[in-house]
Amino acid sequence: MGRPRRKLTNLELADELFSAIIRSKGFCERCGKKENLQCAHIISRGYHQVRWDTDNAFCLDSGCHRYFTNRAIEFEVFVKSKIGEAHYQQLKDRAIDYKTIDYKAVIQRLQEVN
């Protein structure tokens, strides 16, 4: 038997819920594979304004996620082909619109979606 799991921080809980929502798409949005699915953020997770925004992530398999992690230009082309240049710019604008984040409200919203 494993050790009891420690209580997650609000940030960790929000990340787990968000990742589950994105992976529930059920297939890689680049190649269509259904195994080893991951949550791939468009704008870095460091930008908390959009960290848990479903517009800011794709469901990718581990290979496609790794490919784009190492190829930023190709990822930007992929993003623009999927969501359009205007939507991508709006996402970037929201990312730098710094406000205080209510993590409990984020968790509640994610639990409602999940």
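The protein has five helices and two strands, where helices (H or I, at least four residues) and strands (E, at least two) are DSSP runs numbered from the N terminus. This is a predicted model, in which local features need pLDDT of at least 70 and side-chain atom pairs count only at pLDDT 80 or more, while totals for chains, interfaces and linings use all residues. Residues are numbered from 1 along each chain as its sequence is written, and side-chain values use heavy atoms, with hydrogens and water left out.

Starting at the N terminus, the elements follow the order α-β-β-α-α-α-α. The C-alpha trace spans about 40 × 40 × 25 Å along its principal axes. Of the 114 residues, 32% are buried; buried means under 20% relative accessible area, exposed over 50%, and partly exposed in between (1.4 Å probe, protein chains only). Among contacts with a separation of 6 or more, 67% are between residues 24 or more positions apart, a contact being heavy atoms within 4.5 Å.

The two strands make a good place to begin. Strand S1 (residues 37-41) and S2 run antiparallel and are joined by five bridges; two strands pair if DSSP finds at least two bridges between them. Alanine 40 has phenylalanine 58 of S2 as its bridge partner, and histidine 41 stands opposite alanine 57 in S2. Five of the five residues of strand S2 (residues 57-61) are buried, so S2 is largely enclosed by the rest of the structure. Its two faces are both covered, with Ala57, Cys59 and Asp61 buried on one side and Phe58 and Leu60 on the other. S1 is likewise largely enclosed, because four of its five residues are buried.

What lies at the heart of the packing? In soluble globular proteins, nonpolar side chains tend to be buried together. Here the largest nonpolar core has 29 residues, and Ile42, Leu60 and Leu110 have the most contacts inside it. Such a core is a set of buried Ala, Val, Leu, Ile, Met, Phe, Trp, Tyr and Cys residues joined through side-chain atoms within 4.5 Å. Two or more residues of this core come from each of helix H1 (10-23), S1, S2, helix H2 (62-69), helix H3 (72-83), helix H4 (85-95) and helix H5 (103-113). H1 gives the most, with five residues. Leaving aside residues up to four places away in sequence, leucine 60 touches ten partners' worth of neighbours, including Cys28, Leu37, Ala40, Phe68 and Phe78.Leucine 60 also takes part in lining the largest pocket, together with residues including His41, Ile42, His65 and Tyr88. About 220 Å³ of space lies in this pocket. A pocket is an open set of points on a 1 Å grid over the protein atoms alone, with protein on both sides within 12 Å along at least five of seven lines, and lining residues have an atom within 4 Å of a point. Its lining draws two or more residues from each of S1, H2 and H3.

Two exposed residues complete the picture. Asparagine 36 is found in the loop between H1 and S1 and counts as exposed because its relative accessible area is 57%. Most residues other than glycine have a negative phi. Asparagine 36, although not a glycine, has a positive phi of about 55°. Lysine 104 lies in helix H5 and is exposed, at 59% relative accessibility.

Notes. On a 1 Å grid over the protein atoms alone, a cavity is a set of points where a 1.4 Å probe fits but cannot get out, and a pocket is an open set with protein on both sides within 12 Å along at least five of seven lines; lining residues have an atom within 4 Å of a point. Grid points are joined across faces, edges and corners, and a volume is the space filled by probe spheres set on the points.
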